[in-house]
Structure formats: C-alpha cells, structure tokens
Amino acid sequence: MTDFVHLHLHTEYSLLDGAVKVDELVRHCKQNGIDTVMYASLRFAEKCKKNGIKYIIGCEFYVVDDYRAHIDQHADHLILLAKNKRGYINLVQLDSLAFVDGYYYRPRIDYTVLKEHTEGVICLSACLAGRIPRLLMAGEYEKAKQFALSLKAMFGEDFYIEIQDHGIPEQKQILPLLVRLARETDTQLVATNDVHYLKKEDWEMQDVLMCIQTKRTLDDPTRMKMQTHEFYMKSGDEMSALFPNLPEAIANTRAIADKVSDTDTPFNLKDDGSPIYDKSLIPLYTADDGTPSPEFLRRLTMEGLPKRYEDLTEEILQRAEYELGIIIKMGFADYFLIVWDYINWSRLNGIPVGKPRSRLHARFRRRLLYGAPRRDDRVRPPPLPSRKRGADRHVRYLGFTRGHQRRWPRDARGVCRHRPCDQADGRQIDHPRTFGTEHRKMPAKGGRHAKRSR
C-alpha cells in the first residue's frame, strides 16, 4: 500500500460539518495499519496514544484582511498544523483570538496576527476556498503567485501548496496552475483529501448534517451540498491514483508527518493515553502587600469564617485548617485566589456573579478533599467560571492581571449527541414534527435512562 498521511480531516468536533467519529477513526487507522493521522482535540490525542498512532494537531482557520473589523469580509481557508508544543500554543492562541476578538458570524484571524504566530507551525494553502485557488480560478495568476511568496516568507520550508481532486471540475482546472506556481516559487506540493466522513457510503450522513447546519430539508433543490461523494478517508493507493504524475505530493505527506516532533508533543500523555496535568500553566497570584499565596489564602479564610458562622467552634476551625492544608499542599492556592480576585472584581464592577458552574467546582472540591488515593496528577481545577453577560470583560481583566499569554478562554468543543439531533434529523427528511420528538423520548440502549434488567 502506498504510504500516505491524511492532513486535512474533519471529525465530529467540526460540528455539523464532519461526520467522522473519533472512536471509529482510531479503530479504522488501527485496522488498516495507518500509523499517523491529523485532527485537533485532547480526546483524539488520548485515543491515538493508547493505540500507538502518531497524532498531528491541526486546524482549518478562516482568515480575513482585518479580523478586528466586524464587517463582511471574504474569509480564506488555511490549514495550520503544529510541529511541536510551541506550534500548538500558537494554534491555541490564534484560535482564542479568532473567537474572542475576531468573531463576526464565524471565528476569524487575519494575516497580520498570523505572521506573529508562525513558530512551530506548518501551513497548507487549503482547498478551493483558500486564497490561492480562489485567485487562480479568477484568472489572477500573478496575484496568486505574490500571495504564495508572502506565505513562504512567513513559514519558509514549512509552507506547502495543497492539491486536491474530489472530481470537482474547478479542482481539475487549477491543478496545472498550482503545479506551475509551486515550481516558480520553489514550494513543495502536498496532496490531501478533504475528509468529512470515514467511508464512501457515509456521504448520506454528511448530507443530513449539512441540512441541519443550513436549516434545509433533503428534498430542497437549492440547498448547499457536497458536489461529489469523494470526501471520505481514501487509502494511500486511491490517493496515489489521483496524482500519478506527482508522486512527490504523496511523499510529502510523510515528510510533513516526520517534521512533527515525537517528543516535544502538544499534550503530555502517559503510555495508556491518560494526560499528565501541567499545573505550571496556572498563573501565580501576587497579593498587594507581597504576602505569599498560602498565607494570604489562610488570612482571607480566617477573616471570612466569622461572616459565615455565628458560632465559630473548634470543629469548624479544624475543618478549615484541614481543607486549607490540602489545597496548599497540592498547589492550588493561586487558583483559588485568582477565582476570588476576579469574582470580587466582578461584584465591584456590576457584573452578575452567583454560583457559576457550581457542579464542576463542587466536584473538584470533593475530589480534592476526599479523593482516594489523593495524587497530584488525578486532580485538576475546573475552568474559571464566567457568565455570558460580562464574559468579555472577565477575559480582558484576566489578561491584564495574569498575562495575555495565559488568557485562553475555554473553548467547549461540542459534538452531536444522539438525542438532541434526533428531532433535527426528522426535520431534514421532512417527517412530521412528532417523529423526532417521539424518537428522542425512546430509552437509549445501555444509557442511564434504559430500564434495568431484573
């Protein structure tokens, strides 16, 4: 089988766009001897590590001319892959900027901020929605060439011109131009398949996802859909057959995979795939009077106890000392103080606070105090709580006080679960509204709502 590594892949975490389930992807790679695969999530990396598969972390970005301008701008697609941990940090920072500062109907960055985050990053010129293919289709070869040279100046030998063939006429039209452009700019070619589903017969599932995304039905002739059924995870032989005269484009997929470090990886994982939590990422808290964090936390606790308890008994004081001792011993004093600081700041600045994410924090406290055995690598703090109203001010305040390099808003990577999607699926196939509702109420096999066997 021809050696080929997929570098352009959308899983279920590309919500309503990718139909590849992570578990099925890893199983498919294992069964077919695929030793390297690309996507971007910790769960994906954990599964790959456990099964002896090398993972590559990457993301497809929307890039505009000015990401801070909340106006309509044409968004170019661009593929960025992390070579090492520094590259992963750059991808996370770009992703955060896209969602926090650049969001306008979709998360966006621009080429100026991209230029500041190129270390440890590999860049592919993307699909037909990339700027280079778009300019070539418009007959503006010289502009496409100048743009390719600008990306090459940013990324050096880590910039590749991407070629694809899904049987779409426009791809066949610009393929000779991409090859010519690569040779004139001394840039390497790389072949990819824009994978949105695992097997060829899964195209119908992808079709339904796109209907849900665009709020159309399957029988709508004007709906958006894939032009062909070739957006699946092809074998190396299938990819080689698409580009028989460009073997270097196939070989470069392995060359890119080899550039990705096996030691300086984005995630610190054990051999069984479980993560090693890095507490060094928690910023330090500095009290105004210079008091060390453990002592300052103890002082705040002792000052607050009389406000909570009318009768401050010896038992309550012993309990407080016990909990403080564990929190300080396990290195979470700074985390608790940072939460206290910005909750206090929120109250002073009229931002509503109450018991945000109380279930997560209660679970953290129980595990921290009562976990058995109590090991540092088993306990991690939950995301910092925030309400939608005033969340942007929270982010700015934390960036100002704790350092913008540590200001990474939590990005909840969602996937489509069965029950929430059942009603939407019913709409896409034009069934009565009650169809999805009734189907959603059915007990899930093996789920917590299933009847227990007697």
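Hi everyone. Before we look at the sheet, one definition: two strands count as paired if DSSP finds at least two bridges between them. Please also keep in mind that what we have here is a predicted model.

With that in hand, let's start at the sheet. Six strands make it up, and it is open, running in the order E5-E3-E4-E6-E7-E8. The pairing is mixed. Strands of a sheet pair through backbone hydrogen bonds, and they can do so either parallel or antiparallel.

Which strands stand at the edges? Those are E5, at 109-110, and E8. Each has a single partner strand, so one side of each has no neighbour in the sheet.

Now let's walk inwards and pick out two pairs. Strand E4, residues 76-82, pairs with strand E6, residues 121-124, in the antiparallel sense, and there are 4 bridges. If you want a spot to click on, find Leu 81, whose bridge partner in E6 is Ile 122.

Two helices lie on this sheet. H6 packs on it and touches E4, E6 and E7, with a direction at about 135 degrees to that of E7. Helix H10, residues 247-259, packs on the sheet as well, touching E4, E6, E7 and E8. The direction of H10 makes about 95 degrees with that of E8.

The second pair is E7, residues 159-163, with E8, residues 188-191. Here the sense is parallel, again over 4 bridges. Ile 161 sits opposite Leu 189 in E8. And what do E7, H7 and E8 make together? They form a β-α-β unit, and a right-handed one.

That brings us to helices packing on helices. Two packed helices are described by the angle between their axes and the distance between the axes.

Take H6, residues 141-155, and H7, residues 169-184: their angle is about 50 degrees and their axes are 10 Å apart. That makes H6 oblique to H7. The crossing is right-handed. On the H6 side, Tyr 141, Ala 144, Lys 145 and Ala 148 take part, and they meet Leu 177, Arg 180, Leu 181 and Glu 184 in H7. Sorted by type, the residues of this contact come out as 5 nonpolar, no polar and 3 charged.

Next, let's move along the chain to H11, residues 293-308, and H12, residues 314-329. Are they roughly parallel or roughly antiparallel? Their angle is about 155 degrees, with axes 11 Å apart. Angles over 145 degrees count as roughly antiparallel, and H11 and H12 are therefore roughly antiparallel to each other. Their crossing is right-handed. Among the residues that meet are Leu 297, Met 302 and Leu 305 in H11, and Ile 316, Leu 324 and Ile 328 in H12. This contact divides into 10 nonpolar, 1 polar and 2 charged residues.

H11 has a second partner to show you, helix H13, residues 333-348. The axes of H11 and H13 come within 9 Å and cross at roughly 50 degrees, and the two helices are therefore oblique to each other. What is the hand of this crossing? For H11 and H13, it is left-handed. The contact includes Phe 296 and Leu 300 from H11, along with Phe 336, Leu 337 and Trp 340 from H13. Its residues split into 8 nonpolar, 1 polar and 1 charged.

If you look back at the model, try Pro 294 and Leu 297: they are in the contact of H11 with H12, and they are in the contact with H13 too. Thanks for listening!

Definitions and conventions: Residues numbered from 1 in each chain as written. Predicted model: local features only at pLDDT ≥ 70, side-chain atom pairs only at ≥ 80, totals over all residues. Heavy atoms only, no water. Axes fitted to C-alpha atoms, helices over the stretch in contact; angles between N-to-C directions. Parallel < 35°, antiparallel > 145°, perpendicular 65-115°, else oblique. Left-handed = near helix turned anticlockwise from the far one by under 90°. Contact = heavy atoms within 4.5 Å. Nonpolar A, V, L, I, M, F, W, Y, C, P; charged D, E, K, R; others polar. Right-handed = clockwise from strand over helix to strand, strands pointing away.
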